[in-house]
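Colleague: Could you walk me through how to read a few features in a model like this one? I'd like the general idea each time, then the case at hand.

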Amino acid sequence: MISLTPRKEIPLTLTITTTLVAIALTLVIGAMIFGVLGYDPLAALYQFFIAPVSHGYQVADLFVKACPLIIIASGLVFAYRANVWNIGAEGQMILGAMAAGFVALSWPNLPGPVMMPAMILAGMLGGLAWGMIPALLKTRFNTNEILVSLMLTYVAVLLIDWTVRGPWRDPMSFGFPLTPMYADAGLISRVELPGIGRLGQLHWGVAGALVFSLAAWFILGRSILGFQVKVMGDAPRAGRFAGFSPALVTIIVMAISGGAAGLAGMVEVSANIGQLQPDISFGYGFTAIIVAFLARLNPLAVIVAGLVVALAELGGDSAQIALAMPKVVTGVFKGILLFMLLAGETFNRYHVTFSLPHRARLQGESGA
């Protein structure tokens, strides 16, 4: 039998050791798989971990890839810290993108200083509204927020698909399910670095994501709201005795996580796509759940975790192009990497004890 006992204190050396061991095991297992399939293991690992960051513009693209993951995961940290399991960030991201797109397409002549704040506000309100549905159902009828938020994701996917094929489709798109392109005022501009100019696809949304993560860390660690969230997550009974409302905390954390996902949808479309289409997310809402837990529900660590997951995504693309590696193989390797990192986190947070079944039974009887 395997038993897990929470550690009272987690030393930094243990955190570093488990992470390094997880990465080392991933490299060994990955190299074995690549070798068995007939690929050069060293070349494959180079494509996964070195090639995506071998030039300055590629580092910038890594941040661009991690941008929506950082924003969504920073919001999810609030919900998960309060033991509210919002699994529907994907749908909230889509609704945020649609709300921001409604502003951009309905008033294309708005000046830039008005258009961009309006799109940001609309995106956050769109995601927030979609997140409020499972929150209100949970607080009013005690429904399961996991199932409701997850099912709403598929509703959102069908809703944007219907919208871009129907009322919002561009008459000049030759039948393709696309809306008209946003006006220039509705597009997030690229970053111009002094003496360098543009660096890859780096845009101002990345700076916004880093600021958002920093603000989330400050609120969670330095505000009354953050204290309430942590108390209701760690000791809900003590929170009730202190006068905190579980229903209010549930609504607040769902609003924050939904608004963050909606903001990520607005940024992703406005910075990288420029118009609405059936597929705008590519699974960012689901991947951000892994990022949040990989970061141990710390908003600042979310930045590092988002970059690690983004590196795995870009490395997979690089291996497919350079080595003609099938997508399923790169997907397996990415899965092994994330599994090892999460398994290392389990060993980091818990004492793991292995015992034979008959010995565990004897220990239980003697204890009784």
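Modeller: We'll go through aromatic pairs, a helix, a surface patch, a buried threonine and some backbone angles. Keep in mind that this is a predicted model.

Colleague: Let's start with the rings. How many aromatic pairs are there?

Modeller: The general idea is to check ring centres, which must lie within 6.5 Å, and then the angle between the planes. Here that gives 11 aromatic pairs. Take W85 and F293: their planes sit at 15° with the centres 6.1 Å apart, so this pair is stacked.

Colleague: Which parts of the chain does the W85 and F293 pair tie together?

Modeller: W85 comes from the loop between α3 (56–81) and α4 (89–106), while F293 belongs to helix α11 (residues 284–294), so parts 208 residues apart in sequence are tied together. W85 is partly exposed at 28% relative accessibility, and F293 is partly exposed too, at 31%.

Colleague: And what kind of pair do F227 and F244 form?

Modeller: That one is edge-to-face, with 90° between the planes and 6.2 Å centre to centre. F227 is in helix α8 (residues 224–234) and F244 in the loop between α9 (236–241) and α10 (246–273), so the pair links parts 17 residues apart in sequence. F227 is partly exposed, with a relative accessible area of 46%, whereas F244 is buried at 17%.

Colleague: Which rings are linked into a cluster?

Modeller: F34, F48, F49 and F333 are, through ring pairs. Hold on to F333, as we'll come back to that residue.

Colleague: Now helices. How far does α10 reach from its first C-alpha to its last?

Modeller: The idea is to compare the span with what you'd expect at 1.5 Å a residue. With 28 residues, α10 reaches 39 Å, close to the expected 40 Å. As for its surroundings, 21 of those 28 residues are buried, so α10 is largely enclosed by the rest of the structure. Just past its end, G274 takes a positive phi of about 85°.

Colleague: Which other residues have a positive phi, although they are not glycine?

Modeller: Two to look at are R296, at about 60°, and A324, near 55°. For each, I'd check where the residue sits and how much of it is accessible. R296 is in the loop between α11 and α12 (299–323) and is partly exposed, with a relative accessible area of 35%. A324 is in the loop between α12 and α13 (327–349) and counts as exposed at 58%.

Colleague: On to the surface. Which residues make the nonpolar patch?

Modeller: Here you look for accessible nonpolar side chains that can be joined within 5 Å. I2, L4, F347 and F354 make such a patch, about 440 Å² in area. I2 is part of strand β1 (residues 2–6), and its 58% relative accessibility makes it exposed.

Colleague: Last one: is T26 buried or exposed?

Modeller: Buried, with a relative accessible area of 1%. T26 is found in helix α1 (residues 12–36). For a residue like this, the next step is to list its contacts, leaving aside neighbours within four places in sequence. T26 is then in contact with F333, I336, L337 and M340. And there's F333 again, one of the rings in the cluster with F34, F48 and F49.

Notes:
Residues numbered from 1 in each chain as written. Predicted model: local features only at pLDDT ≥ 70, side-chain atom pairs only at ≥ 80, totals over all residues. Heavy atoms only, no water. Phe/Tyr/Trp six-rings, centres within 6.5 Å; stacked < 30°, edge-to-face > 60°. Helix = DSSP H or I, 4+ residues; strand = E, 2+ residues; numbered from the N terminus. Buried < 20%, exposed > 50% of the residue type's maximum accessible area, 1.4 Å probe, protein only. Expected span 1.5 Å × (residues − 1). Patch = residues over 30% accessible without salt bridge, like charges linked within 9 Å, V, L, I, M, F, W, Y side chains within 5 Å. Areas by Shrake-Rupley, 256 points an atom, 1.4 Å probe, with all protein chains shown as cover. Salt bridge = Lys/Arg side-chain N within 4 Å of Asp/Glu carboxyl O. Contact = heavy atoms within 4.5 Å.
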